[in-house]
Amino acid sequence: MNKKWAVKRFTINLASEEAQKLEQYCSTTGRPATDVIRELIRSLSTNEEKLSQK
């Protein structure tokens with residue numbers, strides 16, 4: 001495992017439909033679920049970011 005990413009490990013619970021949607025997306029794009037989830041988290045805005053945009 002790349003030590004660069006071994007900072008914190010999470011376990012998430014997904015509904016069947018959510019897991020299926022993630023698996024289909026990963027299969028279609030050829031990307032691992034970890035990369036997809038990491039990208040989605042990075043796209044989230046925080047209160048701090050919202051304040052700096054004003």
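A pocket is taken here as an open set of grid points with protein on both sides within 12 Å along at least five of seven lines, and its lining residues are those with an atom within 4 Å of a point. In the predicted model, the second largest pocket is lined by Ile12, Leu14, Glu18, Lys21, Leu22, Tyr25, Arg31, Val36, Ile37, Glu39 and Leu40. Two elements, H1 and helix H2 (33–42), each give two or more residues to this lining. The space in the second largest pocket amounts to about 250 Å³. By residue class, its lining comprises seven nonpolar and four charged residues, with no polar ones.

The chain that carries this pocket contains three helices and zero strands, and its elements follow one another in the order α-α-α. Of its 54 residues, 6% count as buried. The accessible surface of the chain is about 5,400 Å², and carbon and sulfur atoms account for 52% of that area.

Among the lining residues, Tyr25 is located in helix H1. Tyr25 counts as partly exposed because its relative accessibility is 39%, a value between the limits of 20% for buried and 50% for exposed residues. Val36, which also belongs to the lining, is eleven residues from Tyr25 along the chain, and the C-alpha atoms of the two are separated by 8.8 Å.

Ile12 and Leu14, both part of the pocket lining, also contribute to a nonpolar surface patch, which they make together with Phe10. The area of this patch is about 330 Å². Phe10 is found in the segment that precedes helix H1 (16–29). With a relative accessible area of 65%, Phe10 is exposed, since the threshold for that class is over 50%.

Two salt bridges are found in a search of the whole structure. One of them joins the side chains of Arg31 and Glu39, with an N to O distance of 2.7 Å. Both residues are among those that line the second largest pocket. Arg31 has a relative accessible area of 26% and is therefore partly exposed. Glu39 is likewise partly exposed, with a value of 43%.

The other salt bridge is formed between Arg38 and Asp35, whose closest N and O atoms are 3.1 Å apart. Arg38 and Asp35 both lie in helix H2, where a spacing of three residues places them about one turn of the helix apart. Arg38 has a relative accessible area of 21% and so falls in the partly exposed class, as the limit for burial is under 20%. Asp35, at 31%, is also partly exposed.

Methods. Residues numbered from 1 in each chain as written. Predicted model: local features only at pLDDT ≥ 70, side-chain atom pairs only at ≥ 80, totals over all residues. Heavy atoms only, no water. Helix = DSSP H or I, 4+ residues; strand = E, 2+ residues; numbered from the N terminus. Buried < 20%, exposed > 50% of the residue type's maximum accessible area, 1.4 Å probe, protein only. Areas by Shrake-Rupley, 256 points an atom, 1.4 Å probe, with all protein chains shown as cover. Patch = residues over 30% accessible without salt bridge, like charges linked within 9 Å, V, L, I, M, F, W, Y side chains within 5 Å. Salt bridge = Lys/Arg side-chain N within 4 Å of Asp/Glu carboxyl O. 1 Å grid on protein atoms, 1.4 Å probe; cavity = no way out; pocket = protein on both sides within 12 Å on 5 of 7 lines; lining within 4 Å. Points joined across faces, edges and corners; volume = space filled by probe spheres on them. Nonpolar A, V, L, I, M, F, W, Y, C, P; charged D, E, K, R; others polar.
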